[in-house]
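Thanks for coming, everyone. I'd like to walk through one chain with you this morning. Let me put it on the screen.

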Amino acid sequence: MKAQGIGWRTAWQLARRDLNARFRGLRLLLVCLFLGTGALAAIGTLTSAIERELAASGGELLGGDIQVSVWQRDLNPAERAALAELGRVSGGTRLQAVARAGDATAPIELKAVDAAYPLYGRLTLTDGRSVGPPPDGAAWAAQGALDRLGVAVGDRFRIGTRDVVAAGVIANEPDRLGEGFQLGPTVIVAQDFPASAGLLAPGSQYRSKYRVAFDAPRDRQATADALEQQFPTSGIELRTSDRASPGADRFITQMSEFLLLVGLAALIIAGIGIGGGVASYLEDRRQNIATLKVLGATSGDIARIYGLQIAAAALVGSLAGLAVGVAITPLLARALSGLLPVQSGFVIDPVALLVALAYGMLVALVFAATPLTRARHFPAMALMRARVAPLGRDRQALLWVTGGLAAIVVLALLTSSRPLLSGGFLAGAAAALGLIAALALAIKWLARRLPTGGSPLVRNALANLSRPGANIVPLVTALGFGLSAFVLLAAIQTSIDGNIQTRVPDRAPDYFVLDIPPDHLGQFETVVRGADPAAELRAVPNMRGAVVAYGPADSMTRVADLAELPEGAWALRGERGLTYADAVPPGNRIVAGDWWGADYAGEPAVSVDEELADAIGLKVGDYLTVAVLGVERRARVASLRQIDWDSLGFNHVLVFSPNTLRDAPHTLSATISLSQPDAARPLLQALVAAFPASSVIEVGQILTQARDLLGQVGLATLAAASVAVLAGLAVLLGAIAAARAARMYDTVILRVLGADRRQILLMQLVEYAVLVTVLAVVALLLGSGIAWAVVTQLFEFDWLPDWPVVLGVLGLGLVTVFLFALGGALPLLRAKPAAALRTL
């Protein structure tokens, strides 16, 4: 007669009675799920909070439902009329300028606005007022500008050729994020101020921006597309409130994807620990299971009782992780508040939390299924003999593992913004698990076939790797992934540090100067030489223009007709900086074609960046048309250049022959490299006094901002990757603890046969030395491979790891393994053989 199983209620009563209140034996499972689900919960809630803020406040962040901007000119009447048909319009000007008060100067972002500003949100001052544009002759200024100038509210300072009064300090600028990167603190003035201060001369580098608040519901993107088709050669750039800050959107997407991968990696590494922890827990309960079976419990009863215990522990660990993930979100939000639009309060995103919980429980199912099903399907006597006659494998576990893995893959594909990335990561993780498991079997096979002569200690250590019941596969898998986490962290962090060093050069010009009148170049050089006769000075023509067509002369492609820009053809988007030159610019190298000579008077010509040419299929002999201030100019592609983008000099994608652009309205831009550091301050004061309409930019501030930005990215990745390392440490500790429990029998037998404590300790250390020597190479390859993908494919940085540091961190991981192994061996050495034999 078939045995009658117990119900779920009875199974839970038995499970709860046996389950320790402090989850003794299942703490590794708790820690692993706590780390993994906590990371995913924090990632999901923070990302959702930022995305919701961007979506809800897009109009405020952009300043309107749609924005139209154009360089070096105002909108013409037809363009303004087209915007007026859509709703309320607010226009103004943005440009880089220099403010001066006595001998103090400050680079500023000058923002001229009209009476309709702001269309959305509120511009508030520190005194509590909500304001619009300041009165004529007054300015609202950021505190940083006043501090730099050494003035207070009510004091006067000069911008260009006009004095203004600091009438208030900006507390909240609603469209700050949508304005993008700036080279100085904001100063807001009335719309007509730049022109009256002499800052809008022909060719000056200013930008007109117009925002529209729709008077009726409209499809924002369709409206932008219609405007682009209506004015295809105008050079206007359009943005909608759906993408109020494309740079922030891209950064959020990249960071959320990286953090999601880190969370998944932590869960996968933790899953290895879960498998080992559950196996160890059930091994400790071996006699209890055997006793229950002797008393008539069925395999289903065993599965229900211990499945409920493991599920309860998994749920507690996952819920604790969710709670901590939600709790740390305000701290993360506060740290990012200056970079991204996110509130610093608590954020509860049910979808993100449910996804994190689902990941945690599915990972627990996948890695706990095998040891659980093995325990339920074997007779009591087999369980009693498990120490010396290890249990075989249970094929039913394959069903549960496959189902759980399929659910994880589906969940990843459904919830990821880049399914291919997440799917590829999971496939790579599965392949890595398979390879490391195969490596473990290879180690076991090789240990069995190595010569048995030599030291008895080495012989016994190798025998431990291949003996029946040796948990070599889970141990090698845990060690491999744990050590890989060390390499991953070091390689990512040092690569980002390397990018900071290479992308932000230590040596760069001291000053950039914009909007120098071409007919005042001699005076400009005189001022510079007066402050530092040995200064290096380079001045180039500078103007803005948009590429409108390219290709062979008889079949040119119009940019406006492209449904989508080719990959890498960013220079076709909006207006770009243009220049002309007689000689090849410094830091550039001709890779195809020829350069025109001095005094060239032939057909208008252009030299193109080779990367852009490759992206759009442009060849030497083809033609390229640009629109400069609404006038189209066509030039033949004379050469392709390789550009050193890492230099902080003038690097133009398009360099024209002088006869192509010389007659277009433009100004000069210059770089100044000083030979005498003490000349910097006097030169700055002299330039601002002599050229009040020009903008003098101190490069040191740009370098500091760039280093700080990359440093923040590095800190974020360090903190995130540390979760994987913590999971790796937990797995290492759990694997060694599980191996210690399995070795109690072996150690006791060796002690009975006469082995002393030193010999037993040396055997274990030799065993781990063999394993970590092989796994160090595997961890180096696996960890650096994943780090390469993160750095180059996700962040799009250069792959610049500091290998000595990476190897040093890997060495630290190896030392950690040995310390854990030593710590795991000490309790075995203290065990009394007689007492231990009675418990086996």
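I'll begin with a single residue. Leu125 sits in strand S4, which covers residues 123–125. One thing up front: this is a predicted model. So, is Leu125 buried or exposed? The cut-off for buried is under 20% relative accessible area. Leu125 has 4%, so Leu125 is buried.

What does Leu125 touch, leaving out residues up to four places away in sequence? The list is Val131, Trp140, Gly168, Val169, Ile170 and Ala171. One distance to go with that. Leu125 and Ala142 are 17 residues apart in sequence, and their C-alpha atoms are 9.4 Å apart in space.

Stay around S4 for a moment. The loop between strand S3, residues 104–113, and S4 contains Pro118. Look at the backbone there. The peptide bond from Tyr117 to Pro118 is cis, and its omega is near -5°.

Now the whole chain. It has 840 residues, and 52% of them count as buried. There are 26 helices and 22 strands. Take contacts between residues at least 6 apart in sequence: 81% of them join residues at least 24 apart.

Next, the nonpolar cores. In soluble globular proteins, nonpolar side chains tend to be buried together. Here, the largest nonpolar core holds 47 residues. Which members touch the most other members? They are Leu29, Ile274, Val278, Leu282, Tyr306, Tyr359 and Ile408.

Which elements give two or more residues to this core? From the N-terminal side, we have H1 at 8–18 and H2 at 27–56. Then come H9 at 246–284, H11 at 299–336 and H12 at 350–376. H14 at 396–415 and H15 at 419–449 complete the list. The largest share comes from H12, with twelve residues.

There is another core, apart from that one. It has 35 residues, including Leu465, Ile472, Leu771 and Leu810.

On to a helix pair. Two packed helices are described by the angle between their axes and the distance between the axes. Our pair is H18, residues 521–531, and H21, residues 680–690. Their axes come within 9 Å and cross at roughly 155°. Angles over 145 degrees count as roughly antiparallel. H18 and H21 are therefore roughly antiparallel to each other. Their crossing is right-handed.

Which residues make the contact? From H18, we get Gln523, Phe524, Val527, Val528 and Ala531. From H21, we get Leu683, Ala686, Leu687 and Ala690. By class, that contact has eight nonpolar residues, one polar and no charged ones.

Last topic: two residues with positive phi. Neither Gln72 nor Asp599 is a glycine. Gln72 has a phi of about 65°. Gln72 lies in the loop between strand S1, residues 66–71, and helix H4, residues 77–84. Asp599 has a phi of about 60°. Asp599 is in the loop between strand S16, residues 588–593, and strand S17, residues 605–609.

Now compare their surroundings. Gln72 has 6% relative accessibility, so Gln72 counts as buried. Asp599 has 72%, so Asp599 counts as exposed.

That's my tour. Over to you for questions.

Terms used. Residues numbered from 1 in each chain as written. Predicted model: local features only at pLDDT ≥ 70, side-chain atom pairs only at ≥ 80, totals over all residues. Heavy atoms only, no water. Core = buried A, V, L, I, M, F, W, Y, C linked by side-chain atoms within 4.5 Å. Buried < 20%, exposed > 50% of the residue type's maximum accessible area, 1.4 Å probe, protein only. Helix = DSSP H or I, 4+ residues; strand = E, 2+ residues; numbered from the N terminus. Axes fitted to C-alpha atoms, helices over the stretch in contact; angles between N-to-C directions. Parallel < 35°, antiparallel > 145°, perpendicular 65-115°, else oblique. Left-handed = near helix turned anticlockwise from the far one by under 90°. Contact = heavy atoms within 4.5 Å. Nonpolar A, V, L, I, M, F, W, Y, C, P; charged D, E, K, R; others polar.
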